[in-house]
Amino acid sequence: METNKSSKHKKRFRRMHVHKEGYAILMSLLLLLVVLNIVIYIQSPGHWAFFLNLACSILAFSFFLYFFRNPSREIIIEDSNLIIAPADGRIVVIEPTEEYECFGGERRIQVSIFMSVFSVHANWTPIEGTVTYVQHHSGRHMAAYLPKSSQENERSSVVIETESKHQVLVRQIAGALARRIVTYAKVGHECHLNEHLGFIKFGSRVDLFLPEGSEIFVTLGEQTRGNETIIARLPD
């Protein structure tokens with residue numbers, strides 16, 4: 001999505017890579033599948049079971065390779081108050097809410113992006129600033145699209161303070177299939193656009209909590225692209 005609210009920007013796309021979070025899993029899976037196919041071939045050379053297993057192995061490895069894809073995206077913006085989508089997915093929540101973990105019940109605008117198992121699962125920094133808060137919470141693994149998953153699921157919260165002193169909360173939430181949230185942000189870290197904030201493995205959600213008065217540019221059900229879609233503009 002593009003907007004003319006002082007937000008001239010350029011996007012450049014490069015070739016696809018595999019995310020570093022997938023290296024160990026992909027190598028382990030490849031080794032397992034190779035050994036499995038060798039064993040089946042030795043026991044039943046030329047048998048249909050070997051070719052069936054080989055086809056299933058190729059499909060399985062291809063899926064995991066696709067899941068851990070890491071598209072190289074770069075965005076350049078002139079308006080430092082713009083919030084860029086931290087993740088690929090679909091907008092499932094846009095509503096005012098009270099946020100207690102980081103803002104003591106202060107009113108915020110919540111924008112939530114649901115990531116299916118087919119989404120890119122790398123998470124990007126949504127705005128430039130300084131990280132002032134990072135906290136990981138253990139929790140349940142209910143479906144990430146449910147409203148209460150934001151408070152009850154395993155999650156990781158990161159607060160970024162912008163140069164204009166606005167504070168933006170980014171919350172990574174594990175889903176029913178997700179079993180590990182990776183967060184790269186550290187307190188005191190200067191974060192920039194085009195940087196990865198973290199990675200969530202297998203089905204998840206990312207919440208943004210923005211100051212009241214922010215101008216929202218997305219709608220419910222809209223598809224987002226991480227480090228590309230403009231979500232909102234913070235108040236001046």
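# How the terms fit this structure

User: Which residue in β16 is the bridge partner of I83?
Analyst: The partner of I83 is A232 in β16. Please keep in mind that this is a predicted model, where local features need pLDDT of at least 70 and side-chain atom pairs count only at pLDDT 80 or more, while totals for chains, interfaces and linings use all residues. Residues are numbered from 1 along each chain as its sequence is written, and side-chain values use heavy atoms, leaving out hydrogens and water.

User: What makes β3 and β16 a pair?
Analyst: Two strands pair if DSSP finds at least two bridges between them. β3 and β16 have three bridges, in the antiparallel sense, so they satisfy that rule. β14 and β16 also pair antiparallel, over two bridges, and there I216 stands opposite A232.

User: Which strands are the edge strands of the sheet with the order β3-β16-β14?
Analyst: They are β3 (82–84) and β14 (215–216), since each pairs on one side only. The sheet itself is open, has three strands and pairs them in the antiparallel sense. In general, strands of a sheet pair through backbone hydrogen bonds, either parallel or antiparallel.

User: What is the order of the other open sheet, the one with β12?
Analyst: Its order is β6-β12-β10, again three strands with antiparallel pairing. The edges are β6 (122–124) and β10 (180–183), each pairing on one side only. From one strand to the next, the twist averages 20°. Three bridges join β6 to β12 (residues 196–201), and N123 has G198 in β12 as its bridge partner.

User: What makes a stretch a helix or a strand here, and how many are there?
Analyst: Both are DSSP runs numbered from the N terminus: a helix is H or I over at least four residues, and a strand is E over at least two. The protein has three helices and 16 strands.

User: Why is α1 called roughly antiparallel or roughly parallel to α2?
Analyst: Axes are lines fitted to C-alpha atoms, for helices over the stretch in contact, and angles run from 0 to 180 degrees between N-to-C directions. The axes of α1 (residues 23–43) and α2 (residues 48–67) come within 10 Å and cross at roughly 175°. That makes α1 roughly antiparallel to α2, because angles over 145 degrees count as such, with under 35 roughly parallel, 65 to 115 roughly perpendicular and the rest oblique. Residues making the contact include L26, L29 and L33 of α1 and F50, L54 and F61 of α2; contact means heavy atoms within 4.5 Å.

User: Why does T229 count as buried or exposed?
Analyst: Buried means under 20% relative accessible area, exposed means over 50%, and partly exposed lies in between (1.4 Å probe, protein chains only). T229 has 3% relative accessibility, so it counts as buried. T229 is found in the loop between β15 (223–224) and β16 (230–233), and its side chain reaches the backbone nitrogen of R225 at 2.9 Å.

User: How do you know whether K165, at 61% relative accessibility, counts as buried or exposed?
Analyst: At 61%, K165 counts as exposed. K165 lies in the loop between β8 and β9, and its phi is near 75°, a positive value in a residue other than glycine. N194 also has a positive phi of about 75° although it is not a glycine. With 30% relative accessibility, N194 counts as partly exposed; N194 lies in the loop between β11 (190–191) and β12.

User: And why does V93 count as buried or exposed?
Analyst: V93 has 11% relative accessibility, so V93 counts as buried. V93 is found in strand β4 (residues 89–99) and touches Q110, V111, S112, R205 and L220, not counting residues up to four places away in sequence. For the protein, buried residues make up 49% of the 236 residues.

User: What makes a set of residues a nonpolar core, and how many residues has the largest?
Analyst: A nonpolar core is a set of buried Ala, Val, Leu, Ile, Met, Phe, Trp, Tyr and Cys residues joined through side-chain atoms within 4.5 Å. The largest has 27 residues, and those with the most contacts inside it include I83, V168 and I231. Its largest share, four residues, comes from β5. Apart from it lies another core of eight residues, among them L26, F67, V120 and V182.

Technical notes:
Polar contact = N/O pair within 3.5 Å; in protein donor to acceptor, adjacent residues only side chain to side chain.
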